[in-house]
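Reader: Please take a close look at one part for me: the salt bridges. Set them in their surroundings, and keep it brisk.

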Amino acid sequence: MAFVILMFFLIALMIGAAIYAIVQKDLLYAVIATGVISLILSALFFLLQAPDVALTEAAIGVALTTIIFIITIRNTVRNEDKFKDKDDIKSAVK
Amino acid sequence: MKKVIVLLLLAVTGYYLVISFMDLGKYGPVVETGVKDFYLEKTVSELHVANTITSIIVNFRGFDTLGEVTVLFLAATALGGILYKRRHDVGERSVLFPSSSIVKSGSKLLFPAIILLGAYVFIHGHLSPGGGFQGGAIIATGFLLMLLAYDNFSVSHNVLSFIESFAGIFFVLFGLAGMMMGGTFLENFMPVGKLNDLFSGGIIPIIYILVGFKVAAELTGLIYTVLHEKEN
């Protein structure tokens, strides 16, 4: 029973992080929220007795993907509201 | 209009997904016959490998693993091709600002430990959870840390491509050697040793070490390419 409650808690946390990532206008926070999703997903894989997949998810999902998104934000725009038009974004990217 | 179409498509997909999920438990446990017992039994009795998943990935389904490695290779190649024109010369300048000295010394301290963990994961792939892909990805995160901390840290693309080609060629050669000795691609032709020994499982540890080197080289090259993109 405790296991099921833990699972549901983690899944609820995942959904919460996903909603936060969509709603948040500051893209850096959104990317970190997606990293949190991957982290919890990795914990879930481990609880479901798939340690191999958990390792992959932890390395790829949490570290590599998040960092690559952060680098992308660093080279483009951080705030979603600032640029409404496609041309604005193009000019920001240079 | 666009939104309506998207919603409609999502609704249709969701409807069919729900229908297919409803059928899942209807006929009792799905897997009752088939190869699963064969895999479980052969893994311990014939291959002497402690980790069943590894034996399936590298031995029974080794050809699929070769395909996966090829997909990763093609993705890295395509990214390198797209970014080729916009890239600086190797080691000239990273797109990031230099980090603080705390980050620098911290990453210097962590880097060998991460590499060691990655090597451990893929060398012990047949004994404990993990394997080539996981170990390679962990090693790549170690290099990523160094690239983020030191803006003048550079890895040689020649060395990376040499490691990658070497590992890929030897993967195929070991597969073909199995074909010559036994009969099928990636057939185990080496002595299997004792269960739970480091030197056990025939060609499985060798293949996984090769895959680990290949994945580490590919992912490191990929990150390096992305980080050293020109800004204008």
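Author: Lys214(B) counts as buried, at 8% relative accessibility. The model is predicted, so that value, like those below, is computed from predicted coordinates. What does the side chain of Lys214(B) meet in a salt bridge? The partner is Glu218(B), at 3.4 Å from N to O. Glu218(B) is also buried, with a relative accessibility of 3%. Buried here means under 20% relative accessible area, so both ends of this salt bridge fall below the cut-off. The two residues belong to helix H8 of chain B, which covers residues 204–227. They are 4 residues apart there, so about one helical turn separates them.

A second salt bridge in chain B joins Glu46(B) and Lys42(B). Its N to O distance is 3.3 Å. The setting is helix H2 of chain B, residues 36–47. Again the spacing is 4 residues, and again that is about one helical turn. Glu46(B) is partly exposed, with a relative accessible area of 47%. Compare the burial class of Glu218(B), which is buried at 3%.

Chain A holds a salt bridge too. Asp26(A) and Arg78(A) meet through their side chains at 3.0 Å, N to O. Why does this pair tie together separate parts of chain A? Asp26(A) sits in the loop between helix H1 (2–23) and helix H2 (27–47), while Arg78(A) sits in the loop between H3 and helix H4 (86–93). The two parts it links are therefore 52 residues apart in sequence. The two ends differ in burial class: Asp26(A) is buried, at a relative accessible area of 15%, whereas Arg78(A) is partly exposed, at 41%.

That completes the list. Over all chains, the search of the whole structure finds 3 salt bridges.

How many salt bridges cross the interface of chain A and chain B? The rule finds 0. Polar contacts do cross it: 3 residue pairs, with both residues at pLDDT 80 or more. From chain A, helix H3 (residues 51–75) gives the largest share of the side touching chain B, at 12 residues. In total, 14 residues of chain A are in contact with 19 residues of chain B. The two chains bury about 1,600 Å² between them, and 72% of that is on carbon and sulfur atoms. In chain A, the residues that lose the most area to chain B are Asp52(A), Leu64(A) and Arg74(A). Together they make up 34% of what that side buries.

Back inside chain A, Ser42(A) is worth a look. Ser42(A) is placed in helix H2 of chain A. At 10% relative accessibility, Ser42(A) counts as buried. Leaving out residues up to four places away in sequence, Ser42(A) touches Ala54(A), Glu57(A) and Ala58(A).

Last, a surface without charge. Chain B carries a nonpolar patch of about 720 Å² accessible area. Its members are Phe162(B), Phe166(B), Ile169(B), Phe170(B), Val172(B), Leu173(B), Leu176(B) and Met179(B). Phe162(B) lies in helix H7 of chain B, residues 157–181. Its relative accessible area is 57%, so Phe162(B) is exposed.

How values were computed:
Residues are numbered from 1 along each chain as its sequence is written. Chains are lettered from A and ligands numbered from 1 in the order in which they are written. This is a predicted model: local features need pLDDT of at least 70, side-chain atom pairs count only at pLDDT 80 or more; totals for chains, interfaces and linings use all residues. Side-chain values use heavy atoms; hydrogens and water are left out. Patches are made of residues with over 30% relative accessible area and no salt bridge: like charges are joined within 9 Å, nonpolar side chains (Val, Leu, Ile, Met, Phe, Trp, Tyr) within 5 Å. Accessible areas come from the Shrake-Rupley method with a 1.4 Å probe; for residues, only the protein chains shown count as cover. A salt bridge is a side-chain nitrogen of Lys or Arg within 4 Å of a carboxyl oxygen of Asp or Glu. Buried means under 20% relative accessible area, exposed over 50%, partly exposed in between (1.4 Å probe, protein chains only). Contact means heavy atoms within 4.5 Å. Buried area is the accessible area (1.4 Å probe) that two parts lose on being put together, summed over both. A polar contact is a pair of N or O atoms within 3.5 Å; within protein, one must be able to donate a hydrogen and the other to accept it, and residues adjacent in sequence count only if both atoms are side-chain atoms.
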